Amino acid sequence: QFQLVESGGGLVQPGGSLRLSCAASGFTLDYYAIGWFRQAPGKEREGVSCISSSGHSINHADSVKGRFTISRDNAKNTVYLEMNSLKVEDTAVYYCAAVRSGPFESCTVKPERYLGFWGQGTLVTVSS
């Protein structure tokens with residue numbers, strides 16, 4: 001069974017940090033670009049960060065540039081999202097998604113491009 005499972009969400013104070021994980025099972029992430037997305041209550045899903053299958057291409061939404069870092073460990077079949085200097089407005093359910101991608105293709109944070117697999121999400125709450 002092909003699955004993506006997010007973990008690492010939780011409650012954190014403004015200015016704090018969290019690291020989210022996106023683990024794949026049933027398939028290898030080596031041939032997939034991975035995107036992180038989030039959806040806050042009453043808002044549309046938005047792209048946060050992405051990393052290409054080879055890791056050579058990384059993109060971030062303007063709202064998280066300089067604060068979030070995305071990385072991948074293909075040996076562990078896992079992609080990470082390191083979130084620092086968290087703000088109240090970062091509160092959302094965070095999802096990872098995979099799309100089959102060649103090694104030289106750049107990644108995108110547009111949700112509509114991810115027609116492959118989506119995880120079930122992990123909740124991040126930033127509050128004092």
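**Note on the aromatic pairs, disulfides and a buried leucine**

1. Tyr 32 has a relative accessibility of 11% and therefore counts as buried, the cut-off for that class being under 20%. The model discussed here is a predicted one, and the points below should be read with that in mind.

2. Under the ring-pairing rule, 8 aromatic pairs are counted. One of them joins Phe 2 and Phe 117, whose ring centres are 5.4 Å apart and whose planes stand at 90 degrees, so that this pair is classed as edge-to-face, a label that applies to planes over 60 degrees apart. The two residues come from distant parts of the chain, Phe 2 from the segment before strand E1 (3-7) and Phe 117 from strand E10 (residues 117-118), with their positions 115 residues apart. Phe 2, at 48% relative accessibility, counts as partly exposed, and Phe 117, at 22%, also counts as partly exposed.

3. Phe 117 also pairs with Tyr 32: here the ring centres are 6.0 Å apart and the planes are at 50 degrees, so the arrangement is tilted. Because Tyr 32 belongs to strand E4 (residues 32-39) and Phe 117 to strand E10, this pair ties together parts that are 85 residues apart in sequence. Which residues make up the aromatic cluster? Phe 2, Phe 27, Tyr 32 and Phe 117 form one such cluster.

4. In two places the charged end of an arginine is placed over a tyrosine ring. That of Arg 19 sits over the ring of Tyr 80, at 4.2 Å from the ring centre, while that of Arg 45 sits over the ring of Tyr 95, at 4.0 Å from the centre.

5. The count of disulfides comes to 2, and, with bonded cysteines counted along the chain, they follow the pattern 1-3, 2-4. In the link between Cys 22 and Cys 96 the sulfur atoms are 2.1 Å apart, and the link is right-handed, with 75 degrees about the S-S bond. Since Cys 22 lies in strand E3 and Cys 96 in strand E9 (residues 92-100), this disulfide ties together parts that are 74 residues apart in sequence. Cys 22 counts as buried at 0% relative accessibility, and Cys 96 likewise counts as buried at 0%.

6. The other disulfide joins Cys 50 and Cys 107, again with sulfur atoms 2.1 Å apart, and its 70 degrees about the S-S bond make the link right-handed. Distant parts of the chain are linked here as well, with Cys 50 in strand E5 (residues 46-51) and Cys 107 in the loop between E9 and E10, 57 residues apart. Are these two cysteines buried or exposed? Cys 50 has 0% relative accessibility and counts as buried, and Cys 107, at 8%, counts as buried too.

7. Leu 20 is found in strand E3 (residues 18-25), the strand that also holds Cys 22. Its relative accessible area is 0%, so Leu 20 is buried. Leaving aside neighbours within four places in sequence, the contacts of Leu 20 include Ser 7, Gly 8 and Gly 9, together with Trp 36, Tyr 80, Tyr 94 and Val 124. Tyr 80, in contact with Leu 20, is also the residue whose ring lies under the charged end of Arg 19. As for Ser 7, its C-alpha is 5.7 Å from that of Leu 20, although the two residues are 13 residues apart in sequence.

Terms used
Residues are numbered from 1 along each chain as its sequence is written. This is a predicted model: local features need pLDDT of at least 70, side-chain atom pairs count only at pLDDT 80 or more; totals for chains, interfaces and linings use all residues. Side-chain values use heavy atoms; hydrogens and water are left out. Helices (H or I, at least four residues) and strands (E, at least two) are DSSP runs, numbered from the N terminus. Buried means under 20% relative accessible area, exposed over 50%, partly exposed in between (1.4 Å probe, protein chains only). Contact means heavy atoms within 4.5 Å. Rings of Phe, Tyr and Trp (its six-membered ring) pair if their centres lie within 6.5 Å; planes under 30 degrees apart count as stacked, over 60 as edge-to-face and the rest as tilted. A charge sits over a ring if NZ of Lys or CZ of Arg is within 6 Å of the ring centre and within 35 degrees of the ring normal. A disulfide is a pair of cysteine sulfur atoms within 2.5 Å.
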